[in-house]
Amino acid sequence: MKRWVYRFDEVDEAEQSVGGEWDAVRGLLGGKGANLGDMSRLGVPVPPGFTVTTEACNAYLEAGLQFPEGLDDQIAAALADVEERTGRRFGDQDRPLLLSCRSGAKFSMPGMMDTVLNIGLNEEVVTGLIAESGDEHFAYDSYRRLIQMFGSVVLGHKDELFEQVLAELRARRGVTSDTGLSTEDLSEAAMRFRRIATAFPDEPREQLRLAVEAVFRSWNGKRAVDYRNAAGIAHDLGTAVNIQAMVFGNLGEDSATGVAMSRDGATGEPRLEGDYLVNAQGEDVVAGIRATKDLGALRKEMPAVYDELAAIAAKLERHYGDMQDMEFTVEQGRFWLLQTRDSKRTAQAAVRIAVDMAQEGLISRDRAVRRVTPEQVDFFLHPQLSSDARQASLVEGRLLGRGLNVSPGAAVGVVAFDPDLAQRWHAEGRRVLLARPETKPDDVHGMIASEGILTSRGGRTSHAALVARQFGKPAVVGMAELTIEPSDHVMHVDGKTISEGEWISIDGNTGEVFLGQLETYVPDLADRWLVTLLEWADELRRLDVRANADYPADARRAREYGAHGIGLCRTEHMFFEADRLPIVQRMIMATSPAERAEALAELLPMQRDDFRGLFEAMDGLPVVIRLMDPPLHEFLPGWEQLVSEVADRKIRLRIATSLEDLDTTLAELEHSEHLKVAVERLRETNPMLGLRGVRLSIVMPELTRMQMRAIAEAACDAAAAGVVVKPEVMIPLSIDRGELEWVAAILREEAAAVFDERGITIPFMIGTMIETPRAALTAGALATVAEFFSFGTNDLTQTTFAISRDDAEASFLMNYVSLGILGENPFATLDDAGVGTLIRSAVAAGRATRPEIEVGICGEHGGDPKSIALCHGYGLDYVSCSPLRVPVARLAAAHAAMADVS
């Protein structure tokens, strides 16, 4: 017959039954049960008991809430052993044994499932407990607790019914806590509780059976399911049930109960932290019904108990190699540990604890690096909403809604619906949040000026998301229930209207948007423990980590964060700045080569200075500079906007009241007409599949020459100043070797001219960005020209899936994920089956042609830990991501390397 029950002292047998793997023991006995058995093996004082396995839970649920065959008998046998060990009898009036019944899944789910204490009490047993203990108050206190917990957990009565009775008794007695109630009050409470919980069974064994069933059922309770969804815990694991002899912290002033963490859960400081209560049971500490004492006070109040707790905490840390969260009870001076588990902790604490434990010799450096998650490192990089302020806002109903959490951190500011206004308010010293239906390239100045960005449309790789991540701006996008009306200077959500200038707060970690000004704080990236941990990670990883950076300031920050070069400089971003955009527009609208050359000559020194700044920031490290990529129409106003402007200015022309107005309006009309002609000339049905990237370089070679000259001159200038420069020039969107040969010839010719003028030669590489399936499939031919490949996985994903990243998330894509059609959003995590196959093929073909070819990734996937693990497996040389993601990528690359080894 299948074994469903293991005593705590039978953990060795449980371990043997699952092949000796401790992780499998935790799967069978749950984390709590496995640790109770392990502590018993270590000699830690644990009240005797036994564990009903997770397999029994799953069998019960699969059988339509029926105990599996043999479970009743195995529980009875294990209970008999507890009776023998304690010298007590379950249900006996003279020497009563009382039991606790607690859940315990493989992964800790604090407070998500059910517990029942003091099982075994009825009127007769209470009488015996009074006779044995001589404490009538204690006996009735334990009895009313059992009925209350059993009534709410097992029988499903609302806990408010019981609390109302206690509130009436406290009011009548004139006390503020239950400890102030008299024996008569507690006896009355038990009697009145019995009238609420009419189905409460007097038979102790029936109490125990029903409690076990309640714990089993709680695995599928809503709060447990919601917690597992949020924590990524599988739903088929089941929960174990731990049945244990009760020990009592409510037996007088020499008894107590508490929770303790072996280190500070907020800071990671190596000191005991926790709370306790004298003359109380465990739920009193966690329920908040009494003001608890800080654990430090226990040192004075019960010094011997404190010393024993500290010694056991140190012992358990050495054994488990991790910070422990412990529940303890002191029964008339005797210390008992009821459970231990790896403790929850903040990101700061997680990093410090991992490093401290490695330096203390408790764990290896590898284990310390493995223990900290990329998400925890990400926490250090962005302002965060205060948890207290967030919770208060939720209670107050100030949550406006949720969108996609595309760029982490918190931002608080007055809302502006126009980028020009956002820039002006920022210049006036105001904190601004830019809210737009969606953002466009000509909104960048307002985005840069804002604390954060909010849109009602768009997805994880929308313009707003990409720019926000590039500049480290918290962002929430695609908040579909939000209606933004920039022309009316308002937005609407859930019946509320928010006007321009009102305060809002966004949380880019959760996607939440709040009305009002919430408090934030900034974690410290200079944290010495984080610096140490990332240095250890660098020793373990194989992948290099570079940064996507377009400006010298971004490059300097990226290097401070540990970037080993720039993997992508998007030169077009430099053109969007206010002093450059008009020149770019003149270049685009030029009607003669001379006019275009004049505009390019003005842009040349600006680009040269930008590139020199990048080379100086990355002294000795590679800098990948991508030639102009987007369609030219992105630098011009929209067609509809220009049509409206022309019509409006024609009306103003007719009603002009002075020569000055007439001249001004005529000039504005002429400019709008020229722009309109240019936009009409450049209009395309599918511009992202049109004249852009390498095609633009071929159609407008003078632009390519200007950019190469700027790169070469900047390299010469920087080298003359003692900077070690390593330029890598990237040709975007190539689909054919012929394209690369044509553009590469221009680049080499222009570079040679500059080097001849300067009397110096700077080595540089020419490569291409692989963004289409054809490029990946013909990578062997491309490698005859390209010295490096950089996978632009944003567009490669779009062209492979044949979907628009901006439209798909807002329409059907997230539904695909929720329905399980797609396991992941392919714009958030690389699609291994499709896009990944193309990358693997391209890498193999490229290296077959050019074995030394450098291969990296520069799409937004370069900052995603799951995608980084895939890139490691593809054999790439580096990943490139936004500067703020560099520390995350460093750790994720180390995790990938360690997983590969294991």
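**Exercise 1. Work out how the ring cluster of Tyr60, Phe67 and Phe216 is described.**

Ring pairs join Tyr60, Phe67 and Phe216 into a cluster. The model is a predicted one, in which local features need pLDDT of at least 70 and side-chain atom pairs count only at pLDDT 80 or more, while totals for chains, interfaces and linings use all residues. Residues are numbered from 1 along each chain as its sequence is written, and side-chain values use heavy atoms, with hydrogens and water left out.

Step 1: rings of Phe, Tyr and Trp (its six-membered ring) pair if their centres lie within 6.5 Å, and planes under 30 degrees apart count as stacked, over 60 as edge-to-face and the rest as tilted. The count by this rule is nine aromatic pairs.

Step 2: for tyrosine 60 and phenylalanine 67, the distance is 6.0 Å centre to centre and the angle between the planes is 75°, an edge-to-face pair.

Step 3: tyrosine 60 and phenylalanine 67 are both buried, where buried means under 20% relative accessible area, exposed over 50%, and partly exposed in between (1.4 Å probe, protein chains only).

**Exercise 2. Classify the pair of phenylalanine 162 and phenylalanine 193, and place both residues in the chain.**

Step 1: the ring centres of phenylalanine 162 and phenylalanine 193 are 5.0 Å apart and their planes stand at 90°, so the pair is edge-to-face.

Step 2: phenylalanine 162 belongs to helix H7 (residues 159–173) and phenylalanine 193 to helix H8 (residues 183–196), so that the pair links distant parts of the chain, 31 residues apart. Helices (H or I, at least four residues) and strands (E, at least two) are DSSP runs, numbered from the N terminus.

Step 3: phenylalanine 162 counts as buried because its relative accessibility is 0%, and phenylalanine 193, at 0% relative accessibility, counts as buried too.

**Exercise 3. Check the length of helix H9 (residues 204–218) against the expected span.**

Step 1: the expected span of a helix is 1.5 Å times one less than its number of residues.

Step 2: helix H9 has 15 residues and should therefore span 21 Å, which agrees with the 21 Å between its end C-alpha atoms.

Step 3: among the buried residues of H9 are Leu208, Ala211, Val215 and Phe216.

**Exercise 4. Find which residues have a charge over an aromatic ring.**

Step 1: a charge sits over a ring if NZ of Lys or CZ of Arg is within 6 Å of the ring centre and within 35 degrees of the ring normal.

Step 2: arginine 430 lies over the face of tryptophan 425, 4.2 Å from the ring centre, and the charged end of arginine 546 sits over the ring of tyrosine 878, at 3.8 Å from its centre.
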